[in-house]
Amino acid sequence: MAKLEIKNITKKFGDFYAANNISFTAEEGEFVTLLGPSGCGKTSLLKLIAGFHIADEGEILIGGKNVNEIPPEKRNTAMCFQSYALFPHLNVSHNICYGLKQRKIDINEQKQRLDLAIKQMDLEIHRLKLPNELSGGQQQRVALARAMVTRPDVILFDEPLSNLDAKLRESVRFEIKQLSKQYNLTSIYVTHDQAEALSMSDKIIVLNKGKIEQIGSPQEIYHHPINRFVADFIGIANITEAHVKEMENNLYEVNSIYGNFTVYSEIKPQSDHIYICFRPEDIEIVSASENKENMLTVDVTHTAFMGNITEIQALIRKDDKEQKLRLQLTKFPQLTENYQLSFCVPRDAIKFLESVK
Ligand SMILES: Nc1ncnc2c1ncn2[C@@H]1O[C@H](COP(=O)(O)OP(=O)(O)OP(=O)(O)O)[C@@H](O)[C@H]1O
């Protein structure tokens, strides 16, 4: 039985759907991320799970039990916010213990859980400080400790890292993941940051305008996006229309403005006129004089050295049309005098997206 089950949840504000027939599950100990652009309904879903919003339709089950009618304080969920929401007049220890006192947990048990959380979150020297005497990162760790000590059935994270600087964000990201695995916490994590989603999640739910676009592991979402929205929102994708003809053994002949490709795909195209994409890093550089399968020659318009990679913007021209491409190389490219670059796209790097309507 899944720890958390969301069944056909719909929530409207006036005529606006913040959640439109949403269904997904989170297994015990699973780290599930709700990913999507601003306003797509991520926080609304968290609030529905926590009980701060009531769904218009659908069911929420925690541990197999329908919690639709159960008020927030009686649901065993804990929420960890972006703004920390620490009590300004309570020191670190009292902030962390707050939920335990409310739940009337035995005092010795409270002390044990507090000491463990203080140690894990590296807050020993800050135990007696007030929140305004802490940095943003330290406050975040207190907020995390406070949520985790209650050992909730489901822990809900609302963009908890968005106020931290890039370096700290990375280290707290690993801490959250490690702690949630250590305590087998069922976690629902909201972010619009794809790197966070890819690096932390067991499962990603991509949301757009209150609806689910795709559910899958980080690898599935990145390597097999099902449509243009997902391909474009997670990572960078070169997307174009194409006509597809099946040949044999999962091989397809694909004709697009990028060129004619031979594609290997175990996933069948939805029709013979679809969108296709490939990732900027999936190319193999070849010399212009070679004649290879799936080879393209493009005009380079911009290069940007990023340290570990070089990003390239290019144009491809065919039949009086031109289209932009984004490429990534681990070495700075050797360009020809007229700024051209030739490369191949491997057969299995080209992905089929939705039909062209
Ligand atoms: N209480 C409310 N009353 C009316 N509209 C609301 C309410 N709460 C949220 N909305 C609307 O529902 C939509 C989804 O909001 P939500 O906060 O869930 O988005 P989000 O994906 O978390 O966005 P962000 O990443 O910007 O926080 C938004 O358009 C928002 O304006």
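Let's start with two helices: the axes of H2 (residues 92-102) and H3 (residues 107-120) come within 10 Å and cross at roughly 135°. Angles over 145 degrees would count as roughly antiparallel and 65 to 115 as roughly perpendicular, with the rest oblique, so this crossing makes H2 oblique to H3. Keep in mind that this is a predicted model.

Which way does H2 pass H3, left-handed or right-handed? The crossing is right-handed. On the H2 side, the contact uses Ser93, Ile96, Cys97 and Leu100, while H3 brings in Gln110, Arg113, Leu114 and Ala117. Sort the residues of this contact by type and you get 5 nonpolar, 2 polar and 1 charged.

Now for the strands. E1 (residues 4-13) pairs with E2 (residues 16-26) and also with E4 (residues 57-62), as the table shows.

| Strand pair | Direction | Bridges | An opposite pair of residues |
|---|---|---|---|
| E1 and E2 | antiparallel | 7 bridges | lysine 11 and alanine 19 |
| E1 and E4 | antiparallel | 5 bridges | leucine 4 and isoleucine 62 |

How many residues sit between the strands in the hairpin of E1 and E2? There are 2, and in this hairpin glycine 14 takes a positive phi near 65°.

One general point helps when you look at strands: in a regular strand, the side chains alternate between the two faces of the sheet.

To pull the strand part together, E1 runs antiparallel to E4, and E1 is paired in the antiparallel sense with E2 as well.

Conventions:
Residues numbered from 1 in each chain as written. Predicted model: local features only at pLDDT ≥ 70, side-chain atom pairs only at ≥ 80, totals over all residues. Axes fitted to C-alpha atoms, helices over the stretch in contact; angles between N-to-C directions. Helix = DSSP H or I, 4+ residues; strand = E, 2+ residues; numbered from the N terminus. Parallel < 35°, antiparallel > 145°, perpendicular 65-115°, else oblique. Left-handed = near helix turned anticlockwise from the far one by under 90°. Contact = placed C-beta atoms within 7 Å. Nonpolar A, V, L, I, M, F, W, Y, C, P; charged D, E, K, R; others polar. Pairing = 2+ DSSP bridges.
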